[in-house]
Amino acid sequence: MTLSGEAAVLLVSASETIAPTLITLLYFLARHPEHAAKIQKELEDVDTTDPQALSALPHLTGTINEAMRLLPATMSCNPGSRVSPPQGLNIDGTFIPGGVKLCASRYSIGRQRWYSRPELVKDRRAFVPFGVGRTSCVGRNVALAALRLVTACFLSKYHIRFAPGEGISEAVERDLKDGVVSQPGKLVLIFKLRTSVPN
């Protein structure tokens, strides 16, 4: 009974954040088709149903990480929060009273880096889409495997574009709602079958 309960927690933990992450990932791939093309090139000689093979693709993984960095599925939840000491403290000239919980949102922290430009990374510890330590997401590996599998399935068969009249679909970011799990704004895409689809 314990094993099935733990498995249920794992699957729910992984699945809750997959939907908003997949929406933002598809949004960025439609907005930057050159990255979709680069992933399609990576997928040419890979079994797109093999999670291990997909985990070895640097641009696929990097693009998923970028989507999670730029528009995280859990925007306000921060595993690095702390409580100020009883005597309080000064941060850059601002006094913080004692006993105040301090945190910075993942959305704000995530503005600092770009995976393909390592020289811009100020602190690698700031990128923690799944949390760290005892508060980290138990569904991390399931979520990453699912995101890679779904993205590989879509990109191996389709070109992804914004629907006519949707522009670059600013609604995804403009209407993004924060909560326990973020809710991206409206996204309307067209999936056009590629002329040469791998088997």
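**A friendly tour of a predicted chain**

Among contacts in the chain between residues at least 6 apart in sequence, 67% join residues at least 24 apart. The model discussed here is predicted.

Biologist: Happy to start simply: how many helices and strands does the chain have?

Modeller: Reading along the sequence, you meet the pattern α-α-α-α-β-β-β-β-α-α-β-α-β. Counting up the secondary structure gives seven helices and six strands.

Biologist: What share of the chain's residues is buried?

Modeller: The chain has 199 residues. Buried ones make up 36%.

Biologist: Let's look at helix 4: is it mostly covered or mostly uncovered?

Modeller: This helix runs over residues 58–70, and its 13 residues should span 18 Å at 1.5 Å a residue, which agrees with the 18 Å between its end C-alpha atoms. Among its buried residues are H59, L60, I64 and L70. With 11 of its 13 residues buried, helix 4 is mostly covered.

Biologist: Which helix gives the most residues to the largest nonpolar core?

Modeller: That core has 32 residues, and L43, L54, I64 and L155 touch the most other members. At least two residues each come from helix 1 (2–31), helix 2, helix 4, helix 6 (140–157) and strand 5 (158–162). With eight residues, the top contributor is helix 1.

Biologist: Which residues does I64 touch, not counting those up to four places away in sequence?

Modeller: I64 is one of the buried residues of helix 4. Setting aside residues up to four places away, its partners are L25, L144, L147 and R148.

Biologist: E42 catches my eye; which side chain of opposite charge is nearest to it?

Modeller: E42 sits in helix 2 (residues 33–43). It is buried yet has no salt bridge. A salt bridge would need a distance within 4 Å, so at 7.4 Å there is none to the nearest side chain of opposite charge, K38.

Biologist: Then which residue's backbone nitrogen lies 3.0 Å from a polar atom of the E42 side chain?

Modeller: Beyond its neighbours within four places in sequence, E42 is in contact with L57, P58, H59 and L60. The backbone nitrogen lying 3.0 Å from a polar atom of the E42 side chain belongs to L60.

Biologist: Last stop, S84: how far is it from I96 in space, C-alpha to C-alpha?

Modeller: S84 is in the loop between strand 1 (82–83) and strand 2 (89–91), and it is buried, with a relative accessible area of 4%. Its contacts beyond four places in sequence include L89, I96 and P97. S84 and I96 are 12 residues apart in sequence, and their C-alpha distance is 7.3 Å.

Conventions. Residues numbered from 1 in each chain as written. Predicted model: local features only at pLDDT ≥ 70, side-chain atom pairs only at ≥ 80, totals over all residues. Heavy atoms only, no water. Helix = DSSP H or I, 4+ residues; strand = E, 2+ residues; numbered from the N terminus. Buried < 20%, exposed > 50% of the residue type's maximum accessible area, 1.4 Å probe, protein only. Lys, Arg positive; Asp, Glu negative; His and termini not counted. Polar contact = N/O pair within 3.5 Å; in protein donor to acceptor, adjacent residues only side chain to side chain. Contact = heavy atoms within 4.5 Å. Expected span 1.5 Å × (residues − 1). Core = buried A, V, L, I, M, F, W, Y, C linked by side-chain atoms within 4.5 Å.
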